[in-house]
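Reader: I'd like to practise reading helix packing and burial in a model. Could you walk me through an example?

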Amino acid sequence: MAKTITTREEITEVAFRYINEHGLDGFSMRSIAQELGMGTMSVYRYFDNKDQLLSAVGKRLRKEYDNRPIPGERWDDTLRRTVGSIRKIDLKYYRVWSAERSTLLARGFSPSTRFHTRRIYSLHKDQGIPVEVYRRLWALIEAYLIGFISQEIAQIGATWEHADPADPDYAWLTIAENAYNDESFMNGLELIIDGVRAYAAPDPCEWYTPVDPSQWTWTE
């Protein structure tokens with residue numbers, strides 16, 4: 001007998017696990033209903049269509065990001081923490097991330113993307129980063145994260161032809177080979193942070209998360 005009682009969260013979790021294992025191949029309202037042991041129309045009681053379910057999966061992904069406010073935390077430490085966490089989680093669930101990216105490119109910002117964007121914006125707004133500085137910072141970080149993560153995902157399971165140590169350009173060639181790892185990621189992030197300081201000068205960039213939580217605009 002088909003299962004008739006479930007929750008929106010349970011459906012989202014099953015869809016999340018399905019995409020994490022298979023990607024978008026075979027993903028449909030019917031396939032998720034089969035995973036749950038329920039009729040397809042029962043899934044439609046909670047989600048109007050597949051895009052709505054994908055948006056819920058994207059929000060589920062972002063709930064694991066470490067982006068909560070920390071009282072007194074300086075803006076650059078917030079950036080290191082949140083950006084590092086986003087990369088870690090996106091790589092952990094890279095099929096989910098890739099599926100959501102393809103949906104984003106096809107249909108624009110999803111509700112889950114807007115939810116995440118507003119939480120990150122609130123973190124830095126509460127710290128007092130000037131809007132013009134933040135506008136440049138956001139564009140850089142967005143492009144950096146997407147590009148870096150995309151390259152790392154592309155390398156999963158890939159076979160590399162490594163540079164020959166006897167090659168006179170070996171030292172230079174290995175730079176490209178090792179461009180995507182933890183160290184190079186943090187090095188790039190530090191360059192962005194230094195660029196923000198240079199752009200904001202002579203502002204000392206003493207931007208901190210308010211100690212009093214009542215001053216936060218970040219929401220669950």
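Reader: Let's start with H5 and H7: are they roughly parallel or roughly antiparallel to each other?

Author: Happy to help, and do keep in mind that this is a predicted model. The general idea is to compare the N-to-C directions of the two axes, where an angle over 145 degrees counts as roughly antiparallel. Here the axes of H5 (residues 75–92) and H7 (residues 111–127) cross at roughly 165 degrees and come within 10 Å. The two helices are therefore roughly antiparallel, and the crossing is right-handed.

Reader: Which residues in H5 and H7 meet?

Author: A useful idea first: an α-helix has 3.6 residues a turn, so residues three or four places apart point the same way. From H5 come Trp75, Thr78, Leu79, Thr82 and Ile86, and they meet His116, Leu123, His124 and Gln127 of H7. Sorted by class, this contact has 4 nonpolar and 5 polar residues, with no charged ones.

Reader: And what about H2: which of its residues are buried?

Author: In H2 (residues 29–36), the buried residues are Met29, Ser31, Ile32, Ala33 and Leu36. Their cover includes H1 (8–22), H3 (40–44) and H4 (50–62). After H2 comes Gly37, with a positive phi near 75 degrees.

Reader: Is Arg60 buried or exposed?

Author: Here the cut-off helps: buried means under 20% relative accessible area. Arg60, which lies in H4, has 18%, so Arg60 is buried. Leaving out residues up to four places away in sequence, Arg60 touches Thr12, Glu13 and Phe16. The C-alpha atoms of Arg60 and Ser112 are separated by 8.6 Å, although these residues are 52 apart along the chain.

Key
Residues are numbered from 1 along each chain as its sequence is written. This is a predicted model: local features need pLDDT of at least 70, side-chain atom pairs count only at pLDDT 80 or more; totals for chains, interfaces and linings use all residues. Side-chain values use heavy atoms; hydrogens and water are left out. Axes are lines fitted to C-alpha atoms, for helices over the stretch in contact, and angles run from 0 to 180 degrees between N-to-C directions. Helices (H or I, at least four residues) and strands (E, at least two) are DSSP runs, numbered from the N terminus. Angles under 35 degrees count as roughly parallel, over 145 as roughly antiparallel, 65 to 115 as roughly perpendicular and the rest as oblique. A crossing is left-handed if the near helix is turned anticlockwise from the far one by less than a right angle, and right-handed if clockwise. Contact means heavy atoms within 4.5 Å. Ala, Val, Leu, Ile, Met, Phe, Trp, Tyr, Cys and Pro count as nonpolar, Asp, Glu, Lys and Arg as charged, and the others, Gly among them, as polar. Buried means under 20% relative accessible area, exposed over 50%, partly exposed in between (1.4 Å probe, protein chains only).
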